[in-house]
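Subject: Structure handover and findings

Dear colleague,

I am passing the structure below on to you, together with an account of what was found in it. Please read the text with the structure open beside you.

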Amino acid sequence: SIYARTLGQGMRSLAICAARSGEGVTSLAEALAQRVRVSGRRVLLVEMNLYQPSLAGHFGVERQAWLPQGGKLAVASSALPVIHEKEGLGILPASLDREAHMRLRDPAVLTHSLQGWLEQYDHVLFDTSPLTATNQYNIPAEQICAACEGCLLIVLAGRTSETSVRQAARRLQAVNARLVGAVLNDYLNPCLAAELRRETWRLQRFAPRLGAWLRERINASALLNAPI
């Protein structure tokens with residue numbers, strides 16, 4: 001559904017953002033990238049999360065020092081980004097070079113870099129830092145969102161406060177970023193069917209057959225599995 005309303009409609013550049021860390025930005029960015037890949041189009045997943053970079057470890061690739069190109073800050077070819085290819089999916093982890101972080105804070109450099117990546121790939125996805133986490137090295141997430149055709153804001157239900165969401169929305173609005181929509185992450189709020197299945201495992205020691213039968217009945221129940 002998220003893919004159909006964004007990249008599936010022809011959007012070429014999309015940033016995934018959140019008010020706080022741990023809300024599922026990387027997971028959604030990867031899921032969308034994989035969805036594009038199976039559609040037969042080339043996609044590049046760029047990590048701009050310097051707050052908690054994890055893309056390199058997740059995909060088992062090496063994180064390197066690279067410098068962006070563009071604007072008045074063009075660099076030698078030896079410093080160009082090294083993109084890892086995984087079955088049609090391009091992966092560019094956050095640079096280890098702090099100078100790259102500062103250069104990418106320049107909107108002209110960021111825009112030029114994005115244009116260069118779009119010449120090589122059909123779509124570019126950005127994994128960004130939390131909107132409310134700012135420091136001297138981070139690339140502001142709202143700036144990345146403004147450079148893209150659109151952005152998605154993830155909200156972790158049960159943990160993210162309304163104040164944080166409003167603050168994040170104001171940051172996006174201030175730079176005229178196009179907020180396509182919000183994604184509610186229910187990871188900490190499992191559905192009734194999931195909770196019932198979890199409880200059936202208490203029977204595993206004394207009545208395993210009964211537990212298995214109950215799980216089958218739960219899985220087959222349209223009422224218990226209905227989205228809320």
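Helices and strands are here DSSP runs, with at least four residues for a helix and at least two for a strand, and they are numbered from the N terminus. In those terms serine 95 lies in the loop between strand E4 (89-92) and helix H4 (98-103). Please bear in mind throughout that this is a predicted model.

**The chain as a whole**

The chain holds nine helices and seven strands, and its C-alpha atoms fill a box of roughly 70 × 40 × 30 Å when this is taken along the principal axes. Of its 228 residues, 41% count as buried. If one takes the contacts between residues at least 6 apart in sequence, 78% of them join residues at least 24 apart.

**Serine 95 and glycine 90**

To return to the loop after strand E4, is serine 95 buried or exposed? Its relative accessibility is 2%, and serine 95 therefore counts as buried, the limit being under 20%. The side chain of serine 95 reaches the backbone nitrogen of aspartate 97 at 3.1 Å. Leaving aside residues up to four places away in sequence, serine 95 touches Arg63, Gln64, Ala65, Trp66, Ala100 and His101.

Strand E4 itself contains glycine 90, which is buried with a relative accessible area of 0%. The C-alpha atom of glycine 90 is separated by 4.3 Å from that of leucine 44, although the two residues are 46 residues apart along the chain. With residues up to four places away in sequence again not counted, the residues that glycine 90 touches are Val43, Leu44, Leu45, Ile83, His84, Glu85 and Tyr121.

**Salt bridges**

How many salt bridges does a search of the whole structure find? The search finds seven, and three of them are described here, including one that involves Glu85, a residue already named among the contacts of glycine 90. As general background, side chains of opposite charge can pair when their charged atoms come close.

In that bridge the side chains of arginine 42 and glutamate 85 meet at 3.5 Å, N to O. The pair links distant parts of the chain, since arginine 42 sits in the loop between helix H2 (25-38) and strand E2 (43-48), whereas glutamate 85 belongs to strand E3 (residues 84-86), 43 residues apart. Arginine 42 is partly exposed at a relative accessible area of 37%, and glutamate 85, at 40% relative accessibility, counts as partly exposed too.

The other two bridges belong together. Glutamate 195 forms a salt bridge with arginine 198, the closest N and O atoms being 3.0 Å apart. Both residues are in helix H8 (residues 192-200), and because they are three residues apart there, about one helical turn separates them. Glutamate 195 has a relative accessible area of 29% and is partly exposed, while arginine 198 is partly exposed at 44%.

Glutamate 199 pairs in turn with arginine 202, and here the closest N and O atoms are 2.6 Å apart. Glutamate 199 is partly exposed, with a relative accessible area of 32%, whereas arginine 202 counts as exposed at 59% relative accessibility. Through salt bridges that share partners, Glu195, Arg198, Glu199 and Arg202 are joined into one network.

**Helices H8 and H9**

How are H8 and H9 oriented relative to each other? The axes of H8 and helix H9 (residues 208-220) come within 9 Å and cross at roughly 175°. An angle over 145 degrees counts as roughly antiparallel, and H8 and H9 are therefore roughly antiparallel to each other. On the H8 side the contact is made by Ala193, Leu196, Arg197 and Thr200, and on the H9 side by Gly211, Leu214, Arg215, Ile218 and Asn219. Sorted by class, this contact of H8 with H9 has four nonpolar, three polar and two charged residues.

**Threonine 111**

One further residue concerns helix H5 (residues 107-120), where threonine 111 is found. Threonine 111 is partly exposed, its relative accessible area being 31%, and its side chain reaches the backbone oxygen of proline 107 at 2.8 Å. The C-alpha atoms of threonine 111 and alanine 146, which are 35 residues apart along the chain, are separated by 9.6 Å.

With best regards

Note on methods
Residues are numbered from 1 along each chain as its sequence is written. This is a predicted model: local features need pLDDT of at least 70, side-chain atom pairs count only at pLDDT 80 or more; totals for chains, interfaces and linings use all residues. Side-chain values use heavy atoms; hydrogens and water are left out. A salt bridge is a side-chain nitrogen of Lys or Arg within 4 Å of a carboxyl oxygen of Asp or Glu. Buried means under 20% relative accessible area, exposed over 50%, partly exposed in between (1.4 Å probe, protein chains only). Axes are lines fitted to C-alpha atoms, for helices over the stretch in contact, and angles run from 0 to 180 degrees between N-to-C directions. Angles under 35 degrees count as roughly parallel, over 145 as roughly antiparallel, 65 to 115 as roughly perpendicular and the rest as oblique. Contact means heavy atoms within 4.5 Å. Ala, Val, Leu, Ile, Met, Phe, Trp, Tyr, Cys and Pro count as nonpolar, Asp, Glu, Lys and Arg as charged, and the others, Gly among them, as polar. A polar contact is a pair of N or O atoms within 3.5 Å; within protein, one must be able to donate a hydrogen and the other to accept it, and residues adjacent in sequence count only if both atoms are side-chain atoms.
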